[in-house]
Amino acid sequence: MDYNKVAYDRARKKVKEIKHFYINLSLYLTIIPVLVFINLYLTPEAYWFQFPMLGWGTGVAVHGMSAHNYIPFLGKNWEEKKLKELIDKEIQKRNYL
C-alpha cells in the first residue's frame, strides 16, 4: 500500500470538505441579506427572515465545525479517551473487590 497516496487522498478529501463549507458560507452571507431586505421591504410588520437565518446559520456553524475538525463534545480523540476512562474504572472496580 502506498501511504503517500493514502495521505494525499485524505488531504484531497479534507480540502474538498473545507471548500464546500466556504461555498455554503458564501451563499449564506449573500442570500440572508437579500431575504432581510425582501422581508423589511414587503412585510415590515413580520420579521420572518430570522427563521431561515437561524436555521441555515446553525447548519453553517455545524458544517464549519465538521470541516475544520472542531467538534467539542465528540472531538477527534473522544472515543479513545472514553475507552481509557471505562477501562480504568473497570480496573479500579476489580482491584476494589
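In which hand, left or right, does α1 pass α2? This tour of a predicted model begins with the two helices and then moves to single residues.

**The helix pair.** Please select residues 3-42, which form helix α1, and residues 50-67, which form helix α2. Their axes come within 9 Å and cross at roughly 160°. An angle over 145 degrees counts as roughly antiparallel, and α1 and α2 are therefore roughly antiparallel to each other. The crossing in which α1 passes α2 is left-handed.

**The contact between them.** Next, select the residues of α1 that meet α2; among them are K14, E17, I18, H20, F21 and N24, and also Y28, I31, I32 and L35. On the side of α2, the partners include P52, M53, W56, G57, V60, H63 and A67. Coloured by class, this contact of α1 with α2 shows 13 nonpolar, six polar and two charged residues.

**The nonpolar core.** Now reduce the selection to F21, Y28, I32, V60 and A67, the five residues of the largest nonpolar core. Both helices take part, since α1 and α2 each supply at least two residues of this core. The largest share, three residues, comes from α1.

**I32.** Keep I32, a member of that core, and display its surroundings. Apart from neighbours within four places in sequence, I32 is in contact with P52, M53 and W56. These three partners also appear among the α2 residues that meet α1.

**K14.** Move along helix α1 to K14. Is K14 buried or partly exposed? Its relative accessible area is 21%, so K14 is partly exposed. Apart from neighbours within four places in sequence, K14 is in contact with S66, A67, H68 and N69. To gauge a distance in the viewer, pick the C-alpha atoms of K14 and L29: these residues lie 15 residues apart along the chain, and the atoms are separated by 23 Å.

**T58.** The last stop is T58, in helix α2. With 47% relative accessibility, T58 counts as partly exposed. From here, select I91 as well, 33 residues from T58 along the chain; the C-alpha atoms of the two are separated by 41 Å.

Key
Residues are numbered from 1 along each chain as its sequence is written. This is a predicted model: local features need pLDDT of at least 70, side-chain atom pairs count only at pLDDT 80 or more; totals for chains, interfaces and linings use all residues. Side-chain values use heavy atoms; hydrogens and water are left out. Axes are lines fitted to C-alpha atoms, for helices over the stretch in contact, and angles run from 0 to 180 degrees between N-to-C directions. Helices (H or I, at least four residues) and strands (E, at least two) are DSSP runs, numbered from the N terminus. Angles under 35 degrees count as roughly parallel, over 145 as roughly antiparallel, 65 to 115 as roughly perpendicular and the rest as oblique. A crossing is left-handed if the near helix is turned anticlockwise from the far one by less than a right angle, and right-handed if clockwise. Contact means heavy atoms within 4.5 Å. Ala, Val, Leu, Ile, Met, Phe, Trp, Tyr, Cys and Pro count as nonpolar, Asp, Glu, Lys and Arg as charged, and the others, Gly among them, as polar. A nonpolar core is a set of buried Ala, Val, Leu, Ile, Met, Phe, Trp, Tyr and Cys residues joined through side-chain atoms within 4.5 Å. Buried means under 20% relative accessible area, exposed over 50%, partly exposed in between (1.4 Å probe, protein chains only).
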